Amino acid sequence: MYKHFKAPLFRGFFLSLLLPTFTSVHGGELHSHSPRTVWFGISSDNYSEAITLQDLYEDEPESVKKGDLIYSFSQWQFGYQLNNSFGFGFIRGLDIYAQHSPDAASIYYSSNASGQDFEERDYKYQLDGNVQRTQGIFLTYDTLVGDLAIQSMFEAGQAFGLTSVDINGDLSYQDDQLIGTADIDYFYEKDALYKREVDKPEGNYWSVSINLIYPSPLGKHMLSIQDLFNQTHWHAAPFTQVQINTDRVATTNENGNTVFRPLGSGLETYKSKTQVFPRQIDFKNNLDFNEHLEFIIGAKSIDKDVWPYLGSAILAEDIEIAYHIKQESISVSQILGPNFRYRLEADQLFIDKTHRLLFSAEISY
Amino acid sequence: MSNQGRISALSAAIMAASLTMTGCIDSSSSDSESSSESSRFQFTVTTPSDSSLAKSFIERSVESMVDFIIPKAHAALTEQNIQIAIVDASGKVLSIVTPKEAPVQEEDGSYSIVLEGGERLDCVILISLDGPNTVQVGETIDSEKYLFTPAVESEDIFDIDLTSTVAFGLFLDEVESFENLTPSEVDRLIDGAQELVEETGITADSAEALEAALEEGLSSFIKTETALATLSDETATEETPSTGSIETDREKIKGFFDDVNTLAALSNSFSSAEDDGLLDDLVGKAELSQQVLEGSEQTLADFAELQSTLQLELADYDGVLGKDISEIFANDEKAQLTGLLGTVVTEDGVITSTFRINGSYGVLSSVNLEFIIEVLNDTTPVKISLNGLLVSPEASIEIAEGLIEVNTGEAIPIDAINNDTLTDEQAAALAAMSVSLKSALMISLSVNQADETLSHFSGQVAFEVIRSTNDYIEFAGEEAQPYFNTKNIELEGRFSLGDDFVSAKVSAIQNNAETFVPMTQQHVDGEESTELLSYDYNGTDSFTLNTPDYSYTDTADANYAYEVLFISNAYNNYSRTFNVNSDGFDSYVNGQNFTLNSQYGDYSFQGSSLVKGTQHGTVTANKNNSSTDAPESLAVNYSYSEGTLSYSMTYEADWGALRGETFELLSSEEGVLSIKTTDFWADPYFGTSSVEEYVASRDFDFYIEEDGRYAYYSINGEDLSLGTNQNVTGTLYYANYESAQDTYVSQYDLTDEYLEFNGQNSDPRKILFVKSEEYVGLNVTRNISSSFDLGFGSNQESPYLSYGSTKDTFQEYLERYSVSNEHIRLDSIGGVYVSPYELTIGTDTALTTTINYVNSLENYENENTYSNLSISAEFEVQLEALGNTKISTQIERTGFDDGVIILSIENTDSASLNSEITLMATVNDNQLGSLSIANGDGFVISKDALVDSGEAIELTYGLETATVEAVGTGIKVTYSNGEFDLY
């Protein structure tokens with residue numbers, strides 16, 4: 001049982017989540033640009049609460065914290081601002097979003113960390129994760145309604161690299177065995193469970209993102225909603241549904257004798273799948289302090305998670321520094337001249353300790 | 001034609017021919033079915049030449065280059081070279097088959113031939129390599145004249161070569177008929193032989209030697225695989241039936257894997273903890289028979305011996321009427337039998353005697369047998385009807401309807417015996433005469449212990465004992481004795497143990513009973529030899545002792561890091577407090593003459609020699625004994641500070657034990673000193689020099705005592721930490737009164753010098769840590785290889801090293817612990833005394849040995865002498881999980897370490913299993929060969945196909961095809977509709 005869970009659900013799955021993050025180039029956030037400007041931007045926004053990003057990447061966890069979220073939103077884009085209102089360009093992206101129970105991370109840690117033993121207790125295993133790679137074109141539209149500046153972006157194109165998994169399991173570790181039951185619904189491009197040979201699924205996606213910027217006597221207020229509306233539709237996506245029960249004794253028949261069942265039963269087929277990724281909301285307020293300094297107060301939110309932050313902006317240097325309270329990370333963003341901007345955020349100086357890592361950059365001409 | 005001739009005739013390595021056959025029909029047979037279908041067989045023929053015969057490196061290199069540049073030219077086979085024949089199981093040609101289409105050579109150099117009919121394992125393709133094939137009806141196919149293989153091949157192209165020829169020849173040697181054998185089984189056998197030869201790369205210098213080498217290399221494999229094919233019903237069929245519905249066909253496949261899953265759930269390897277009971281249930285019940293038989297082992301042995309003895313003694317019966325048994329049966333220490341013989345002689349000369357025997361025999365404390373003996377004729381001299389009761393302390397046997405019949409191979413010269421006119425020739429013939437004893441009896445056997453019946457068997461036993469054609473010499477020099485083997489034994493009945501029961505039917509056949517005799521012990525008492533033991537010694541770090549049964553190699557590591565703690569446990573130190581008049585502690589010490597005991601005797605030193613303020617100093621103790629071997633002085637370690645003194649001396653250098661004493665000034669008042677002194681005896685503990693590590697690695701115990709009531713408590717060392725006046729909770733593990741507390745809190749001190757437990761109503765328990773030491777010394781690892789009685793393989797162990805020897809050189813260690821002057825027990829010989837020797841560097845240095853007793857080898861086996869058994873057993877048990885279950889086993893021993901095991905499990909009264917499941921395994925050279933699981937519906941899954949290939953296999957039943965593949969956790973079976981099961 002232990003091996004059964006370990007192989008397909010942990011090592012394989014987490015690896016499939018993380019590998020593309022560091023092997024793709026991705027692009028940026030939604031910014032306004034001057035007419036007839038060409039820009040190239042990249043960004044990668046990564047967070048893992050329970051396991052460090054490097055441990056996930058190397059599949060050799062050295063520690064585990066309480067946590068239930070992993071995400072990585074990365075993209076690169078190449079765009080051209082036609083006039084004051086419209087811009088367009090090409091964009092490629094990778095989206096990973098997974099919610100898991102703390103026990104799922106514990107099991108992943110115990111089964112993959114060297115010399116680590118399981119605690120003999122019950123585990124609630126839940127994992128709900130989605131992965132997609134996209135490439136498409138985008139159209140931006142900037143306008144002003146009174147003092148409210150509105151930037152919007154519509155993108156659409158093809159999707160690849162499907163992974164969508166939903167696992168619910170009640171497990172326990174007894175006598176050196178991981179036992180229990182688990183239900184798995186799994187869409188995929190590559191089958192990490194049973195290496196099923198399948199045709200690669202192709203999907204179509206579209207997404208709408210907006211930025212709202214409102215200047216007030218107090219300062220500047222920005223509301224950014226990426227993937228405000230989005231949908232990815234997969235036709236004939238490879239799908240596996242399996243129920244696992246390590247208790248092989250199924251029932252007692254009419255003769256009073258034991259009837260055994262397989263370790264697991266399931267169905268492999270192709271079916272349509274629609275993926276919707278959660279909105280990424282960032283509400284930031286730059287409050288004027290004096291002519292040199294602004295206070296920053298804001299919060300980022302994805303689904304039910306909210307991460308507040310506090311900071312300040314040094315206007316002379318076009319630099320913003322913020323502390324993200326729950327993620328315990330510090331972010332720095334700066335505009336260097338008219339053609340380059342960057343942003344960095346991390347919770348640790350050493351890459352092998354980071355749970356939170358964001359970087360983005362944009363060059364324009 | 002010679003092999004050399006064959007080679008010269010077709011020197012090119014490979015000839016290819018492709019045969020297209022519509023099966024093989026015996027054209028001479030009038031009832032042969034004609035068939036419109038035809039099968040195409042394509043084969044290559046490899047002569048025993050280039051690739052198989054050993055060549056020099058240069059020859060091979062040149063040949064490889066030529067082969068690379070110039071494609072192989074296939075020598076032409078003509079129609080005259082190929083014949084198709086039907087043979088019987090002895091290889092005799094019964095008829096010649098005319099191909100439907102004559103052999104033709106294909107463009108790729110291969111040949112094809114078309115025959116009518118289906119595959120037949122008795123249809124043989126014969127290739128003559130030395131001219132036209134002139135095989136005749138009645139001729140036995142011979143590897144000297146032909147290469148051949150049966151027309152059973154399912155592959156597109158198959159090989160006809162010397163391997164297929166030798167393999168099929170060995171197969172024919174093993175079978176008496178083709179019954180129960182299928183073409184696919186023989187196909188697998190020949191393919192397996194060819195793969196084996198390819199893997200092992202058998203080569204030889206000549207074709208004759210190559211054939212001999214192939215026969216030797218393949219013999220065991222062919223025997224084993226043939227036995228498997230003969231024992232197992234062919235379950236795998238290429239065309240499986242269909243139920244007519246894909247859903248139902250799917251259920252058939254699923255049923256098979258569910259059954260395999262059920263059996264897997266019954267085995268420990270796949271089951272969860274809750275299922276363990278099922279396996280225990282099965283094993284426990286299956287072992288009932290063994291418990292009954294083992295419980296009555298000596299009783300049965302003595303009963304068998306009694307029968308054998310009676311049979312032999314009765315051979316001397318002269319037919320005289322009214323004899324007392326003592327006249328024809330010699331009682332001895334073992335046999336105390338009385339009885340009377342009543343005899344009636346009929347008109348046709350048959351003597352019928354009624355023989356009632358009472359008394360005791362061996363462990364049979366009560367023998368009460370009634371024989372009705374009929375002396376019939378000169379080849380069936382005795383036929384005995386037997387009823388009776390035998391009782392021993394361990395078991396009782398009740399016999400009814402017993403029948404023992406003694407037969408001889410030749411007529412016994414009864415008249416000559418009676419008239420005492422036996423000639424020497426007749427006497428010699430009589431001595432060598434074959435004798436067999438058949439016995440069948442109803443038996444009720446109860447195993448007792450303390451007058452209580454533990455287990456019981458009732459049923460029927462039949463066995464046949466025959467005299468081996470070889471007489472047995474147990475020890476060299478003794479006279480040869482007739483030796484009897486149990487040719488077969490059949491047992492059918494019911495074993496019961498309490499409420500559990502097993503119905504069993506066991507049949508065992510010793511295939512070599514007619515010739516088998518155990519090994520003779522060739523060695524004799526007092527034999528002196530330099531051939532038995534030898535050693536290799538490289539002078540630095542390796543010593544190997546070679547014996548006929550095993551060898552071991554000691555490998556030395558002279559740089560092993562040792563950590564040692566010298567510990568005086570609570571039983572080895574004794575404290576007392578005394579008062580003494582003195583000016584002070586130092587005055588007391590200076591005035592003392594301290595005496596210490598060592599392995600040599602007492603040694604003394606003056607207290608005035610000690611320097612106050614010294615830590616870990618040394619003082620010389622002088623000899624104070626009369627031993628001539630004792631050194632004149634020994635070094636004493638001491639520490640002396642204000643109010644305390646301790647000293648110690650090595651008591652015994654080899655063991656490393658220390659003896660010593662501590663003094664502690666408790667008080668000093670008005671010229672009276674109160675001093676506490678402790679004598680200690682500390683032994684070295686290897687593994688750590690740290691007190692904390694030592695303490696954490698073990699449990700300690702102490703007891704409390706009150707009014708003669710004791711309660712013992714255990715303390716986990718991990719709960720202790722350095723410090724004084726601390727508390728720790730002990731757990732009760734024994735008490736002689738019921739109200740003892742489950743836990744007890746003890747006060748303790750743990751320092752680098754001592755650990756002491758104190759408690760109310762408990763004596764102090766004090767452990768002294770006298771000394772710690774870290775040093776680099778000698779460590780020796782022993783690798784043992786056994787070959788006689790302990791089975792094959794090796795294991796590593798660390799041989800005994802005392803404290804002293806860890807500080808020796810390897811040579812000193814060997815001299816200290818060598819086999820010189822030792823007595824060694826060897827199972828294949830007996831007791832061997834090794835003469836003293838000087839250790840010298842070299843290999844295979846002979847040791848002089850003297851045998852002081854020899855072992856009988858009657859129960860030992862080796863590759864040349866072993867009992868060739870076939871055992872079939874059928875058990876029927878009521879299992880809690882499966883209901884009534886029939887378990888059949890067949891074991892066929894085909895060599896010393898080769899054999900076949902077949903296990904079938906069938907539910908007889910429930911739906912827990914869908915079909916009978918059969919597991920088949922072969923063992924070659926003690927290694928698992930093939931392993932497959934099949935069921936009655938025609939499914940087979942094999943280890944080779946699934947695990948070794950690592951690829952998915954397809955399994956078809958009627959309209960449904962399932963894909964079976966090994967995944968990380970077991971087996972995944974996927975059906976055509978996408979449903980799958982994991983097992």
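Student: In this predicted model, which element of chain A has the lowest mean pLDDT, and which the highest?
Tutor: The model is predicted, and chain A averages a pLDDT of 87, with 91% of its residues scoring at least 70. Among the elements of that chain, helix α1 (residues 2-23) of chain A has the lowest mean pLDDT, at 38. The highest mean, 97, belongs to strand β15 (residues 319-324) of chain A.

Student: Over which residues of chain A does pLDDT stay under 50?
Tutor: Where pLDDT is low, the predicted coordinates should not be read in detail. For the stretch of chain A in question the model nevertheless has 84 contacts beyond four places in sequence. That stretch, where pLDDT stays under 50, is residues 1-28 of chain A.

Student: What does chain B average in pLDDT, and over which residues does pLDDT stay under 50?
Tutor: Chain B averages a pLDDT of 80, and 82% of its residues score at least 70. One stretch under 50, with 106 contacts beyond four places in sequence, is residues 1-23 of chain B. Another stretch under 50, for which the model has 8 such contacts, is residues 789-794 of chain B.

Student: What ipTM and pTM does the model score?
Tutor: These two scores are given for the model, beside the pLDDT averages of 87 for chain A and 80 for chain B. The values are ipTM 0.82 and pTM 0.59.

Student: Turning to the helices of chain B, are α3(B) and α5(B) oblique or roughly parallel to each other?
Tutor: Helix α3 (residues 162-174) of chain B packs against helix α5 (residues 207-231) of chain B at an angle of about 50°, and their axes are 9 Å apart. That angle makes α3(B) oblique to α5(B).

Student: Which residues of α3(B) meet α5(B), and how many of the contact residues are nonpolar?
Tutor: From α3(B) come Leu162(B), Thr163(B), Val166(B), Ala167(B), Leu170(B), Phe171(B) and Glu174(B). Among the residues they meet in α5(B) are Leu210(B), Leu214(B), Leu218(B), Ile222(B) and Lys223(B). By class, the contact of α3(B) with α5(B) has 3 polar residues and 4 charged ones, and the number of nonpolar residues is 9.

Student: At what angle do α3(B) and α4(B) cross, and is the crossing left-handed or right-handed?
Tutor: The axes of α3(B) and helix α4 (residues 183-200) of chain B come within 9 Å and cross at roughly 130°. The two helices are therefore oblique to each other. As for its hand, the crossing of α3(B) with α4(B) is right-handed.

Student: How many charged residues does the contact of α3(B) with α4(B) have?
Tutor: Thr163(B), Ser164(B), Ala167(B), Phe168(B) and Phe171(B) in α3(B) meet residues of α4(B) that include Val186(B), Leu189(B), Ile190(B) and Gln194(B). Of the residues in this contact, 8 are nonpolar and 3 are polar, while the number of charged residues is none.

Student: Are α4(B) and α5(B) roughly parallel or roughly antiparallel to each other?
Tutor: The axes of α4(B) and α5(B) come within 10 Å and cross at roughly 150°, and α4(B) passes α5(B) in a right-handed crossing. Angles over 145 degrees count as roughly antiparallel. The helices α4(B) and α5(B) are therefore roughly antiparallel.

Student: In the open sheet of 4 strands in chain B, which are the edge strands?
Tutor: The order of the strands is β4-β3-β7-β8 (chain B), and the pairing is antiparallel. An edge strand pairs on one side only, and here the edge strands are β4 (93-97) and β8 (146-151) of chain B.

Student: What is the bridge partner of Val87(B) in β4(B)?
Tutor: Strand β3 (residues 82-87) of chain B runs antiparallel to β4(B), and 4 bridges join the two. In β4(B), the partner of Val87(B) is Val93(B).

Student: How many residues lie between β37(B) and β38(B) in their hairpin?
Tutor: Strand β37 (residues 823-826) of chain B pairs with strand β38 (residues 830-834) of chain B in the antiparallel sense over 4 bridges. In β38(B), Gly830(B) is the bridge partner of Leu826(B). The number of residues between the strands of this hairpin is 3.

Student: Which residue of β39(B) is the bridge partner of Val834(B)?
Tutor: β38(B) also pairs with strand β39 (residues 842-854) of chain B, in the antiparallel sense and over 5 bridges. The partner of Val834(B) in β39(B) is Thr849(B).

Key
Residues are numbered from 1 along each chain as its sequence is written. Chains are lettered from A and ligands numbered from 1 in the order in which they are written. This is a predicted model: local features need pLDDT of at least 70, side-chain atom pairs count only at pLDDT 80 or more; totals for chains, interfaces and linings use all residues. pLDDT is the predictor's confidence in each residue, from 0 to 100. Two residues are in contact if their C-beta atoms, placed from the backbone, lie within 7 Å. Axes are lines fitted to C-alpha atoms, for helices over the stretch in contact, and angles run from 0 to 180 degrees between N-to-C directions. Angles under 35 degrees count as roughly parallel, over 145 as roughly antiparallel, 65 to 115 as roughly perpendicular and the rest as oblique. Ala, Val, Leu, Ile, Met, Phe, Trp, Tyr, Cys and Pro count as nonpolar, Asp, Glu, Lys and Arg as charged, and the others, Gly among them, as polar. Two strands pair if DSSP finds at least two bridges between them. A crossing is left-handed if the near helix is turned anticlockwise from the far one by less than a right angle, and right-handed if clockwise.
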